[in-house]
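Trainee: May we go through this structure together? I would like to begin with the core and then turn to other topics.

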Amino acid sequence: MTSQLQVKVWRGRGDGSYQTFDVPRRDAQSVLDVVTYIQRRLDPTLAYRFACRVGMCGSCAMTVNGRPRWTCRTHVSKVAPDGRLEIAPLAHLPIVRDLVTDMREFFDKGARAMARFQPTRTRGDDVARIEPASPARRAIDAAIECIGCGVCYAACDVVAWNPDYLGPAALNRAWTLVNDARDGARRERLAAVAGDAGCHACHTHQSCSELCPMHLAPTASISGLKRATAIATLRGEL
Ligand code: SF4
Ligand code: SF4
Ligand code: FES
């Protein structure tokens, strides 16, 4: 193992360029540790984003040696065996500065896909229950653990070709809610994801599912939406 890492870091906005830093190599070092070392020891003007450092908040995603990854749980030893790292902001999103992207369009697409629970009960009603072992609950659980990191969005070629495409995270969340019997907006949500920029634009090439750090399968969720919207269309519901 080399004692130094050679780290190229994106600086500036979309028209920026890479700056190279030498960073001491450590055992069990994450990519986020490397970025933090640079910002604290070498260049305090470096902008980046993180919060939890334990894989829960989804805010630390960046492009690492060409692939989108959550950096707090990406070990340097796994992605840079030769001691070279290239770290850039997530693809397909405007760059605010350095490693920070503007996530607004990512979250706006969640709103467009109606990726928000629409309750049917009031606080005066009994709590709605879905049995933990039931097929209905398992269908919800399959896609529920999304942390909103944007890795799948940055991995998706269709987002690059069609900036209107809702993208894997918003569609994955929409599918979770379509499966939720307590939700009251199934038909509206299916209508929201059925258009040209919705589930039928997905080419099923699985980059999102391969790279999702939570091991979710947005491709499978999107296939579920394709089936559900087709059935709803045949029934004249959309
Ligand atoms: S499977 Fe669909 S959503 Fe996922 S990366 Fe490919 S085109 Fe994008
Ligand atoms: S589906 Fe996976 S990759 Fe996409 S935002 Fe959620 S956790 Fe991140
Ligand atoms: S800092 Fe929260 S997921 Fe990485």
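**The core and its surroundings**

Mentor: In this predicted model, the largest nonpolar core has 61 residues, and Val7, Leu85, Leu99, Tyr165 and Leu225 touch the most other members.

Trainee: Which helix gives the most to this core?

Mentor: That is α7, residues 168-178, which contributes six residues. As background, nonpolar side chains in soluble globular proteins tend to be buried together.

Trainee: What is tyrosine 165 in contact with, leaving aside its neighbours within four places in sequence?

Mentor: Tyrosine 165 has contacts with Lys109, Cys156, Val158, Val159, Leu171, Ala197, Gly198, Ala201, Cys202 and Ile222.

Trainee: Let us turn to the ligands. Which residues are closest to ligand 1?

Mentor: Ligand 1 is surrounded by 13 residues, and the closest are Cys156, Cys202, His205, Gln206 and Cys208. Two or more residues of this shell come from each of α9 (207-211) and α10 (218-234).

Trainee: How many residues of each class are in the shell around ligand 1?

Mentor: There are seven nonpolar and six polar residues, with no charged ones.

Trainee: And what are the classes around ligand 2?

Mentor: That shell holds ten nonpolar and two polar residues, and again no charged residues. Among those around ligand 2 are Cys146, Cys149, Cys152 and Cys212, together with Pro213 and Met214.

Trainee: How far is valine 54 from cysteine 152?

Mentor: Their C-alpha atoms are separated by 19 Å, and the two residues are 98 residues apart along the chain. Valine 54 lies in the loop between α1 (31-42) and β3 (61-64).

Trainee: Is valine 54 buried or exposed?

Mentor: Neither term applies: valine 54 has 47% relative accessibility, so it counts as partly exposed. Beyond its neighbours within four places in sequence, valine 54 is in contact with Cys72 and Arg73.

Trainee: A new topic: how many aromatic pairs are there?

Mentor: The count is four aromatic pairs. One of them joins tyrosine 48 and phenylalanine 50, stacked at 5.5 Å centre to centre with 15° between the planes. Tyrosine 48 is buried at 14% relative accessible area, whereas phenylalanine 50 is partly exposed at 30%.

Trainee: Why is the pair of phenylalanine 106 and phenylalanine 107 edge-to-face?

Mentor: Their planes stand at 75°, and edge-to-face requires over 60 degrees, so the pair fits that description, with ring centres 5.0 Å apart. Phenylalanine 106 is buried, with a relative accessible area of 7%. Ring pairs also link Phe106 and Phe107 with Tyr153 in a cluster.

Trainee: Where does the charged end of lysine 8 sit?

Mentor: The charged end of lysine 8 sits over the ring of tyrosine 18, 5.4 Å from the ring's centre.

Key:
Residues are numbered from 1 along each chain as its sequence is written. Chains are lettered from A and ligands numbered from 1 in the order in which they are written. This is a predicted model: local features need pLDDT of at least 70, side-chain atom pairs count only at pLDDT 80 or more; totals for chains, interfaces and linings use all residues. Side-chain values use heavy atoms; hydrogens and water are left out. A residue is near a molecule or strand if one of its heavy atoms lies within 4 Å of it. Ala, Val, Leu, Ile, Met, Phe, Trp, Tyr, Cys and Pro count as nonpolar, Asp, Glu, Lys and Arg as charged, and the others, Gly among them, as polar. Helices (H or I, at least four residues) and strands (E, at least two) are DSSP runs, numbered from the N terminus. Buried means under 20% relative accessible area, exposed over 50%, partly exposed in between (1.4 Å probe, protein chains only). Contact means heavy atoms within 4.5 Å. A nonpolar core is a set of buried Ala, Val, Leu, Ile, Met, Phe, Trp, Tyr and Cys residues joined through side-chain atoms within 4.5 Å. Rings of Phe, Tyr and Trp (its six-membered ring) pair if their centres lie within 6.5 Å; planes under 30 degrees apart count as stacked, over 60 as edge-to-face and the rest as tilted. A charge sits over a ring if NZ of Lys or CZ of Arg is within 6 Å of the ring centre and within 35 degrees of the ring normal.
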